[in-house]
Amino acid sequence: MNIYQNILLAKKEGKKLLAVLIDPEKIDLENIAIFFEKVHQSIATHIFIGGSTDENNQTENVVSEIKKTTHLPIVLFPGDVSQISEKADGILFLSLLSGRNPEYLIEQQIKAAPILKNIHLEILPTGYILIDGKKETATQKVSNTKPIAQENVDLILNTALAGEFSGKKLIYLEAGSGATVPVNNSIINVVKKNLSIPLIVGGGIRSKEQLDITFNAGADIVVIGTAFEDDETFFEDLKK
């Protein structure tokens, strides 16, 4: 069964999924085996790999090393076309729906198309929506776009619906790496109630309590990155 079918099955059965986000610019390759011992003892179900930038072209190396240490599906979460690696299992084929910069709405996807056509990555069309997490994120700077204010629930919902109606298979509400404020539960709840496709939520989640709140609000997949980068003992709170 492929990655998306597993996500749909989990959604149908009410099982919640946790993706550990690894930034190729921040991971210490020498400590990957130790890091993944903790990952495997936790409730993590997926590994996302990517960042807004990868100036030293580390994505391929990081995917290769992680592939040696885990059985979990490895999904690329690329900042741009340069972060594609055929050694991964799948790729979030992202369109930045919250912004109006054509480079991240469609241009990067066009650049990626001939590469993806010739390799065997599972492609997961994803509507990516930046939500204001009260901190300027790398994604904002790189994409030259603004996030949607958390108070503007109607715009967030309509953007998510537009993503689903245009054929996206996933919607990703993102407060951004290191966000001081995660996506509000009421936003997650209203988007979840109106979507028929799985909902991913990430950014600013730093505790088991916040994780549970996000799941209970309606997220099918929660993505955690910075919290693990800052404190690997967080895995202790997430043991199976």
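**Notebook: a barrel and its helices**

I began with one pair and noted that Phe-93 stands opposite Pro-125 in strand E5. The model is a predicted one, in which local features need pLDDT of at least 70 and side-chain atom pairs count only at pLDDT 80 or more, while totals for chains, interfaces and linings use all residues. Residues are numbered from 1 along each chain as its sequence is written, and side-chain values use heavy atoms, with hydrogens and water left out.

**Entry 1: the barrel**

I looked up how E4 and E5 are joined, and found that seven bridges link E4 (residues 90-96) to E5 (residues 122-130), the two strands running parallel. Strands and helices here are DSSP runs numbered from the N terminus (E, at least two residues, for strands; H or I, at least four, for helices), and two strands pair if DSSP finds at least two bridges between them. A second pair on this border is Leu-94, which stands opposite Thr-126 in E5.

I then followed the pairing around the whole sheet, and it gives a closed barrel of eight strands in the order E1-E2-E3-E4-E5-E6-E7-E8, with parallel pairing. Neighbouring strands of this sheet are turned by 30° against each other on average, direction ignored; such angles lie between lines fitted to C-alpha atoms, for helices over the stretch in contact, and run from 0 to 180 degrees between N-to-C directions.

On its other side, E5 is joined to E6 by five bridges, again with the strands parallel, and Tyr-128 has Tyr-172 as its bridge partner in E6. How many of the nine residues of E5 are buried? I noted eight, so this strand is largely enclosed by the rest of the structure; buried means under 20% relative accessible area, exposed means over 50%, and partly exposed lies in between (1.4 Å probe, protein chains only).

**Entry 2: crossing from strand to strand**

I traced the chain from E4 through helix H4 (residues 102-117) to E5, and these three make a right-handed β-α-β unit. Right-handed means that, with the strands pointing away from the viewer, the path from the first strand over the helix to the second runs clockwise.

Further along, four bridges join E6 to E7, which run parallel, and Glu-174 stands opposite Gly-202 in E7. The chain crosses from E6 through H7 to E7, and this β-α-β crossover is right-handed as well. Helix H7 (residues 185-194) lies across E6 and E7 (199-202), running at about 165° to E7.

In E7 itself, I saw that Leu-199 and Val-201 point one way while Ile-200 and Gly-202 point the other, and that all of them are buried. My textbook reminder is that in a regular strand the side chains alternate between the two faces of the sheet. Three bridges connect E7 to E8, which run parallel, and in E8 the partner of Val-201 is Val-222.

**Entry 3: the core**

Which residues touch the most other members of the largest nonpolar core? Of its 77 residues, I listed Ile-22, Ile-47, Phe-48, Leu-92, Leu-173, Val-191 and Ile-224. Such a core is a set of buried Ala, Val, Leu, Ile, Met, Phe, Trp, Tyr and Cys residues joined through side-chain atoms within 4.5 Å. The largest share of this core, six residues, comes from E1.

I picked Phe-48 and left out residues up to four places away in sequence; among the residues that Phe-48 touches are Ala-19, Ile-22, Val-75, Leu-92, Tyr-172 and Val-223, where contact means heavy atoms within 4.5 Å.

**Entry 4: His-46**

His-46 is found in strand E2, and at 7% relative accessibility His-46 counts as buried. Its side chain is joined to that of Thr-45 by a polar contact of 2.8 Å, meaning a pair of N or O atoms within 3.5 Å; within protein, one must be able to donate a hydrogen and the other to accept it, and residues adjacent in sequence count only if both atoms are side-chain atoms. Leaving aside neighbours within four places in sequence, the contacts of His-46 include Ile-3, Ile-7, Leu-17 and Pro-73.

**Entry 5: two loop residues**

Last, I checked backbone angles, remembering that most residues other than glycine have a negative phi. Lys-134 has a positive phi of about 65° although it is not a glycine, and its place is in the loop between E5 and helix H5 (138-143). Asn-144, likewise not a glycine, has a positive phi of about 55° and is found in the loop between H5 and helix H6 (153-165). Is Asn-144 buried or exposed? I recorded Asn-144 as exposed, with a relative accessible area of 66%.
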